[in-house]
Amino acid sequence: MYKKILNFLLLGTLILLFFSACPTGLTQNNPSGQGSGGNDVTIKPAEKGVIKGVLKYDENYLVAYIELYKKNKEKWECVDSTVSRLQDGSFEFKNLEKGKYLIKFTGAVATPESLGNFMQWYNGKSSFDANIINITDEKGADLGLITILKKSVLSVQMPKHTFSPTNPKDVKYTVSILNDKKELLAKQSFNIGKKSSMNPTMEYLTDQGSYYVKFSYEGINENTKEYYDLWLKEEAGHTPENPAYTVTIKEEEACKVNLEGIKLIQPYHPKGDIKGILQQHDGSSMKAISTEYKDIRLTDVFLGEKRILEYKTYASSQSTEPIILRCYYKDGGTAVFSKDEASVITYEGNGSEDVTYTFKYPQAKIVNFTMKHKADNSSFETPYKFEDVGRYYVSKIEFTDPKGQILYTIRAFEDKKTVNFNAFMPLGHKFAFKYLEGYLSEKNEHIYLNEFWMGKQIGDDFDDSCIMTIEASKDDYDLWYPDVKIKYSPPSYGGRYKVLFSKDKENGKPIDIFDGKILLAGDYFVNIKHEPGEHGIASTSPELWMSGRDKFSLNKADGQKIRFNMGEEIIRIEYPDTAQSSLNLKVNDIYGDYSGHIGQVELYKDQKETPFLSLSSNKDFSFKHLPQGSYYIKLTHIDTYHGYEFWYNKKLDKENAERIELNGTESKDLIVNRPYAELSITNADLMIRGSTYDNNFFFARLFKEDTDFNSSDFRYDHGIAFGAKVETNQYTPVNELYLAKDSNFLPFDSQKHGRIFPGKYYLGFYVGERFKYWAKPFKWLKMDGGRASLTDKLEEASLIDFGVDEKKELPSEDIFPMAKRSRYFNITIKGENIAQIPNIERAKLRFYVPRKHNPDNDFFVESKETLNINGAAKEKVYHPAFVISDKWLLAIKLGYDKIYYFKGEQRKDIVNYFTGEFTTNRDEAYEFEPNNSHINDYEVTIKNWKLLNKKE
């Protein structure tokens, strides 16, 4: 008995795997009324989560394999299985969740043996009419006694293993079982998605006998419903022992299935290829038109499927071959260009050879299409980049029917290409083109931002003017790129108009359109600004907004979108009658600039915060087309390192600016005098030697109040030069010190020397011909009331406050004491115990400012002449620094770059006599201070004079 049960379970499992319609889940739809069952039954409640029952056959308990299916969305999935008990035929499923369930019974060994193999659904002939068992959260189902019937089973699998190449979106497969009179007994439908790999199977419990099987297909193929029926047919070589089935579309070839027991039918569905050959109207090959032509081939077409033969146009951007238009096969062997006119072909082949259809193109000829600029009739070449996106340009031309219905892309283009192509066009054919242009994104996607119908502008709708017709007498056709050439006259007062086109008044990116430049035709806001010229009077005018055709306003709010049509458009720029005033300025040159230019002039209207107009870098200015209002003028004088602002008329602050009234029609001419200040020292009575290089003597510099002397950007030449004009490389008596004019000193003239802008300044004094750029002055001017003095410390220095048009003169007797003005140094260098120091005649005298007084700088005065062979000076060394400083270091320069400093002492009894030695370390040098203004001659004795002849 135990062995018999094991055999039963094994065979039952094999039958389940062989006959099961859906080992992992049922995917068929249930027809209307499904779940009512073959017989009406009453299901008793059972404990929660339980389905149970008892199987019997012929009054005996039955052992069978039992599968439990649960509905999950639209699918029935097998969730559990069991075997009924041998003793009492009972079975039970526990711990079930709420839901809808189906039960299937199968078996191979039963008691009594007369039952044989069987398959039966709970209370139904098949899954589609089996009784649905509802399990709730509160109770289960007690199915009670279930009687298994001795019935035959017809199990039919759908013949398709591969879905339709036409990729129907949603296909409904129906299996129908008919009796020997072809009367419908039962049918079951299945909806299976494109990704499903299952072959739907219908299982039908019925009596022995003969049956027909029909398979029906219903789907959506390219928005068109598609139907066809197949009948089961015996394949050649079919025998009852070795059944072989296929399908046919001819009902008269259908076969009967003799049913006894369980019968599984798996028919083969024939498939093959369809070939389409497109020819010219005279039957010649299309290869003569284009080498890229290829015959149509549809592969793996199943028997009964309905297809359309379509020749597709090749749209590569690299192709230079003539384009053959997309067309379709129509019964009779003609080509048509509308898919609606195409014939639907049913595949009736058996897969052994191609089914071929030949059809002919209408009479046609090769014509050339060339895109041109409508603005100037020149050939259109695609740009390298698309507008301001900055990405590679791409475009395409779409082909449409006469109603503007886009059919396909006929040609694509990339950057730097001429837009032209050849096409094999049927005579009299009506069509239209649409052009799309854009750029290649970083993800290699084509982004099209502009599109237009050929013959129209961007944004225009399709109409009859877009339709083109191929004429027998015409070979070349122009495709117009919808652009417009903008023309306008330049302003009469010089410079140019900056004519800005934008799609969005507030946030658009305006395009500056020069006279004669082209842009896409369309609707734009137009803003006109004046850009001053580089020569002549600096002139400008307020910006304009286009408010209508040849109408302009100074108010941005009046700006309206204006339509610019393809071709050429002339803009006649005119200012409103209420904006005809002019304000002409002539700025006097009083600072001595080389050009006399003012840095910038800003014109303010009715307020002093935001400029209305501005001009720069000139001395004559003109503001044109001014409307009525109150105006103020701010000017900025810019020299090499500084900018100085003032308001008309010679006001340093805007609160005191002079108001100018204009009525919108009158003009005013103004003379603008710059505010200035002067500084000089007269009666200086100094002896100054000019340098070897020029005749300018820079003795001091004026620095603005806000100068940061500790900044890394500080330079001594940021200060305004103060000094005098002297003779080159010789001594000149100087009586006046004054401001440089244009970085140069002219012979002193109280009416013409340099001027500065009013304000507060420091005056710092320098020494020497050359020194470091970042050198700070070694003396500063200090004022105490009207008395002047000099100090070593910046924090003790005084600010000189210059008022408008003020001329200051510093007291020379305070800065240059009379007792020191004639001071000079006449030095003789001698060697201890030697009459003449060898090579001393190569040496020049140097006088250094002690480093402790000015640690960052290297100020010195150097004699013009070398010493004689006896070490005596050939000249008296004068310098204004000797007048303003009493502390010095003595040194000689030997040759090109060797400096030796005196280290020693000054005799107390003879103050003009020094003795000591030379050192190369400046920090060891002796700091001497002439204590008698009348003693200028000094003698220095050097002990280590041999140092000068030491070879390094």
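The structure holds 68 aromatic pairs, and the model is a predicted one. This tour opens with two of the pairs and then moves to other places.

**Stop 1: Tyr217 and Tyr228**

Select Tyr217 and Tyr228 and show their rings. The two rings form a stacked pair, with 4.9 Å from centre to centre and 10° between the planes. Planes under 30 degrees apart count as stacked, so the label applies to the angle of 10° found here. Now colour strand S15 (residues 209–221), which holds Tyr217, and strand S16 (residues 224–234), which holds Tyr228; the pair therefore ties together parts 11 residues apart in sequence. Are these two tyrosines buried or exposed? Tyr217 counts as buried, at 4% relative accessibility, and Tyr228 counts as buried at 6%.

**Stop 2: Tyr604 and Trp647**

Next, select Tyr604 and Trp647. Their ring centres are 5.2 Å apart and the planes stand at 40°, so this pair is tilted. Tyr604 belongs to strand S48 (residues 598–605) and Trp647 to strand S52 (residues 643–647), so the pair ties together parts that are 43 residues apart in sequence. Tyr604 and Trp647 are both buried.

Stay by S52 and select Tyr648 and Asn649. The peptide bond joining Tyr648 and Asn649 is cis, with omega about 10°. Asn649 is in the loop between S52 and strand S53 (660–662).

**Stop 3: an aromatic cluster**

Select Phe825, Phe847, Phe882, Trp888, Phe902, Phe914, Tyr926, Phe928 and Tyr938 together. Ring pairs link these residues into a cluster.

**Stop 4: lysines over rings**

Select Lys608 with Tyr632. The charged end of Lys608 sits over the ring of Tyr632, 4.7 Å from the ring's centre. Then go to Lys56 and Tyr61. Here Lys56 lies over the face of Tyr61, at 5.1 Å from the ring centre.

**Stop 5: an open four-stranded sheet**

Show S42, S50, S47 and S54 as a cartoon. In that order the four strands form an open sheet, and the pairing is mixed. Which strands are at the edges? They are strand S42 (538–540) and strand S54 (667–672), and each of them pairs on one side only. On average, neighbouring strands of this sheet are turned by 15° against each other, with direction ignored.

For a closer look, select strand S47 (residues 581–587) along with S54. The strands S47 and S54 run parallel and are joined by six bridges. To find one residue pair across them, pick Lys586, whose bridge partner in S54 is Ile671.

When showing side chains on a sheet, bear in mind that in a regular strand they alternate between the two faces.

**Stop 6: strand S29 and its partners**

Select strand S29 (residues 364–373). This strand is mostly covered, with nine of its 10 residues buried. Add strand S32 (residues 420–426), which pairs with S29 in the antiparallel sense over seven bridges. Ile366 has Phe424 as its bridge partner in S32. Then add strand S36 (residues 476–481), which runs parallel to S29 and is joined to it by six bridges. On this side, Asn368 has Asp476 in S36 as its bridge partner.

**Stop 7: Ser502**

Select Ser502, which is in strand S38 (residues 496–502). Ser502 counts as buried, at 8% relative accessibility. What does its side chain meet in the backbone? A polar atom of the Ser502 side chain lies 3.4 Å from the backbone oxygen of Asp504. Add Pro510, Tyr524 and Phe525 to the selection: Ser502 is in contact with these residues, leaving aside its neighbours within four places in sequence.

**Stop 8: positive phi values**

Two residues remain, and their backbone torsions are the item to check. Select Lys182. The phi of Lys182 is near 60°, a positive value in a residue other than glycine. Lys182 lies in the loop between strand S12 (171–178) and strand S13 (184–192). With a relative accessible area of 29%, Lys182 is partly exposed.

Finish at Asp300. Phi of Asp300 is near 55°, again positive in a residue other than glycine. Where is Asp300 placed? The residue is in strand S21 (residues 296–302). At 38% relative accessibility, Asp300 counts as partly exposed.

Conventions. Residues numbered from 1 in each chain as written. Predicted model: local features only at pLDDT ≥ 70, side-chain atom pairs only at ≥ 80, totals over all residues. Heavy atoms only, no water. Pairing = 2+ DSSP bridges. Helix = DSSP H or I, 4+ residues; strand = E, 2+ residues; numbered from the N terminus. Axes fitted to C-alpha atoms, helices over the stretch in contact; angles between N-to-C directions. Phe/Tyr/Trp six-rings, centres within 6.5 Å; stacked < 30°, edge-to-face > 60°. Buried < 20%, exposed > 50% of the residue type's maximum accessible area, 1.4 Å probe, protein only. Lys NZ or Arg CZ within 6 Å of the ring centre and 35° of its normal. Polar contact = N/O pair within 3.5 Å; in protein donor to acceptor, adjacent residues only side chain to side chain. Contact = heavy atoms within 4.5 Å.
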